[in-house]
Amino acid sequence: MTAVKGTILVTGANGGLGSAIVEKIVTKPELSAYHGLYTVRDATAAPALTSTLARGTSSHANDVLSLDLTKLDNVRQVAESINARVSTGQIPPIRALILNAGFLEFGKQSWTDDGLDVTFAANYLGHWLLTILLLKSIDKDAGRIVVVGSQSHDPNDERNASGKAFEEERYKIFVRDEADFEAIAKGAWSSAEEDSSWRSGFRRYGAAKLFLVMMMHELQRRLDQDPELKNICVLGVDPGGMITGFQRHAPWVIRVLVFKIIYPIIVYLYPNGRMVRPPPRSAADVLEAAFGSSSAGLPKDLYFDGTERMETSAESKDARKRDFVWRETAKYAHLKEGDMILGD
């Protein structure tokens with residue numbers, strides 16, 4: 001019997017991109033040899049993931065876990081369970097932690113039980129806390145953390161121009177101080193009340209993705225300063241626009257006209273284009289970041305548009321702002337003594 005190489009954890013494994021990532025894992029011998037931990041909001045209702053796993057090899061060891069990233073207590077419970085299994089040798093250390101789960105509201109808005117904007121909590125805060133807690137279980141020699149980013153994190157990305165979501169000057173910078181961060185966290189910034197169009201949700205999604213990209217940069221900086229964790233790599237991938245169920249709550253024009261008519265035509269005419277990509281292609285890009293090699297050594301703190309190197313937004317590169325966002329996030333995540341093995 002072949003020894004299990006390590007563990008791959010994928011959040012949002014029932015979604016369009018998530019299930020495409022899992023499909024590549026379960027159908028490729030070199031990846032199916034890893035133990036899979038696939039998180040979904042409800043493990044009893046994950047039809048896409050269930051169907052995908054059924055197409056894979058029976059030798060692929062895996063667990064489907066219920067994880068609600070908007071509930072910090074649930075994030076803690078799941079992380080503690082995984083840490084216990086790794087520490088006792090039930091499953092091997094995490095070789096790849098893929099932060100894929102995403103949530104986008106179109107013209108509507110919802111809040112968590114703690115009064116936080118769901119877009120902020122589901123895309124960013126839950127992922128931040130999960131990552132911090134799972135540092136105890138990541139492979140200290142070859143572990144990689146992959147952030148699934150988005151063009152929305154950068155108001156100046158040319159792909160955002162046509163949507164005009166960031167046209168107003170007040171939306172060109174996401175956060176300046178504690179009050180701005182609180183407004184985003186609690187959903188007061190770009191709220192559905194002030195703008196009932198799809199653009200308000202897209203901007204809130206962009207803010208959450210910016211914080212994820214900031215986390216990529218800041219976490220790598222802190223890991224590099226830790227003698228025991230310095231070999232862990234943090235990378236980001238923009239998967240591009242995809243035809244998935246992500247838009248199921250969008251208005252008819254976006255849900256049907258754009259994603260069921262226009263986008264399929266674009267994919268057909270330009271299968272290797274940048275604007276719209278099939279989920280399997282983006283899944284391959286994410287897994288390349290998680291397992292690919294570099295002739296210059298282990299890649300660190302790099303962001304890719306597909307497989308092409310790409311610079312992140314100017315705001316994400318502000319070291320002072322990144323440190324501020326990190327510390328504010330720790331407060332909102334209710335980080336406790338002993339939660340983090342990372343220094344500082």
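Colleague: What is the relative accessible area of R55?

Modeller: The model is a predicted one, in which local features need pLDDT of at least 70 and side-chain atom pairs count only at pLDDT 80 or more, while totals for chains, interfaces and linings use all residues. Residues are numbered from 1 along each chain as its sequence is written, and side-chain values use heavy atoms, with hydrogens and water left out. Buried means under 20% relative accessible area, exposed over 50%, and partly exposed in between, with a 1.4 Å probe and protein chains only. R55 is partly exposed, its relative accessible area being 46%.

Colleague: Which side chain meets that of R55 in a salt bridge?

Modeller: A salt bridge requires a side-chain nitrogen of Lys or Arg within 4 Å of a carboxyl oxygen of Asp or Glu. For R55 the N to O distance is 3.2 Å, and the partner is E23.

Colleague: How many residues apart in sequence are the parts that R55 and E23 tie together?

Modeller: Helices (H or I, at least four residues) and strands (E, at least two) are DSSP runs, numbered from the N terminus. R55 lies in the loop between α3 (47-54) and β3 (62-66), whereas E23, partly exposed at 31% relative accessibility, belongs to helix α1 (residues 16-27). The pair therefore ties together parts whose separation in sequence is 32 residues.

Colleague: Which residue meets K317 in a salt bridge?

Modeller: K317 is partly exposed, with a relative accessible area of 41%, while its partner counts as exposed at 51% relative accessibility. The N to O distance is 2.7 Å, and the partner is E311.

Colleague: Which strands stand at the edges of the sheet?

Modeller: Two strands pair if DSSP finds at least two bridges between them. Eight strands form an open sheet of mixed pairing, in the order β3-β2-β1-β4-β5-β6-β7-β8. Each edge strand has a single partner strand, so one side of each is left without a neighbour in the sheet; these strands are β3 and β8 (308-309).

Colleague: Which residue of β6 does V146 stand opposite?

Modeller: Strand β5 (residues 144-148) and strand β6 (residues 233-238) run parallel and are joined by five bridges. Opposite V146 in β6 stands L235.

Colleague: What angle does the direction of helix α7 make with that of β6?

Modeller: Helix α7 (residues 198-224) packs on the sheet, touching β4 (94-99), β5, β6 and β7 (302-305), where contact means heavy atoms within 4.5 Å. Axes are lines fitted to C-alpha atoms, for helices over the stretch in contact, and angles run from 0 to 180 degrees between N-to-C directions. With the direction of β6, that of α7 makes about 160°.
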